[in-house]
Every structure is written in structure tokens, then in C-alpha cells.
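Open the model in your viewer and keep the sequence beside it. The tour below says what to select at each stop and what is there.

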Amino acid sequence: QVQLVESGGGLVQAGGSLRLSCAASGRTFSGYAMGWCRQAPGKEREFVAAMRFSSASIYYADSVKGRFTISRDNAKNTAYLQMNDLKPEDTAVYFCAAGLVVITTPEYPYWGQGTQVTVSS
């Protein structure tokens, strides 16, 4: 089991930036692939970004490629999502996720509670 807690969400104007953090506890963080997904009101949860435990492979949804950056600090048991050039369509609840295998769909076995990101136009 691994427990995940997100932070860093908030309200930002279009073009602005936010950095989300995901603090992990429980089993060895460094052994898990980490992902970020989001869910906008009335829509299904969608994949945003993911990386393997070794950071050797990183994946992004086309909608965020070039604007978002996923990273992790295994020494701090923390994953990050740096979001730049935010757009109103990025407004959603953002979830941190973890699993033994990196996947690019919102089907991870472990999830945080989510943090709200609102981008105003």
C-alpha cells in the first residue's frame, strides 16, 4: 500500500503557473511509477503525465505536452507536476496516482484525494 497526498492547487489566471506536489508514504516510493490525472466537471478522469520509478521514461498527454513537467524526488518521497502557460481548459481536480507499472490511462491502483486547479480567463 502507498498513501498519496496532493497539494499546490489553487486559482490562477490564464498564462500563469502552478506546481503540484504529491507526498507519498507507505511502501518504498522509489519502486513505484507515478502519474497525474485530472477530472473536469462533467467529464471523465483523463491521463495527464506519468513517469517510471527510475525517471527514465516520461509520458504526457498531447494537451499538456510542452507546458507541463512531471518530476520526482525519491529522497523526499515526493512527485511534482509543474504546470506552465495554464489555460482555462486545464481547470480540473488533479489527482496523483501510483502503481507498479507506468500507464497512460487513469487506471492506477493508488490515488490521492485530489487538488483543485482553477484557471480563469
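The stops below go from a sheet to its strands and then to one loop residue in this predicted model.

**The sheet.** Select strands S1, S3, S8 and S7, in that order: they form an open sheet of four strands with antiparallel pairing. S1 (2-7) and S7 stand at the edges and have a single partner strand each, so one side of each is left without a neighbour in the sheet. On average, neighbouring strands here are turned by 20° against each other, direction ignored.

**S3 and S8.** Next, select residues 18-26, which make up S3; six bridges join this strand to S8, and the two run antiparallel. Look at Leu-18, which has Met-83 of S8 opposite.

**S8 and S7.** Now add residues 68-73 (S7) and 78-83 (S8), an antiparallel pair joined by six bridges. The two form a hairpin with four residues between them, and in the turn Asn-77 has a positive phi of about 50°. Select Ser-71 and find Tyr-80, its bridge partner in S8.

**The faces of S7.** Show the side chains. In a regular strand they alternate between the two faces of the sheet. Which residues of S7 lie on the covered face? They are Phe-68, Ile-70 and Arg-72, whereas Thr-69, Ser-71 and Asp-73 make up the uncovered face.

**Thr-91.** Last, go to the loop between S8 and S9 (92-99) and select Thr-91. The side chain of Thr-91 reaches the backbone oxygen of Pro-88 at 2.9 Å and the backbone nitrogen of Val-119 at 2.9 Å. Leaving aside neighbours within four places in sequence, Thr-91 is in contact with Ala-40, Gln-116, Val-117, Thr-118 and Val-119.

Conventions: Residues numbered from 1 in each chain as written. Predicted model: local features only at pLDDT ≥ 70, side-chain atom pairs only at ≥ 80, totals over all residues. Heavy atoms only, no water. Buried < 20%, exposed > 50% of the residue type's maximum accessible area, 1.4 Å probe, protein only. Pairing = 2+ DSSP bridges. Polar contact = N/O pair within 3.5 Å; in protein donor to acceptor, adjacent residues only side chain to side chain. Contact = heavy atoms within 4.5 Å. Axes fitted to C-alpha atoms, helices over the stretch in contact; angles between N-to-C directions.
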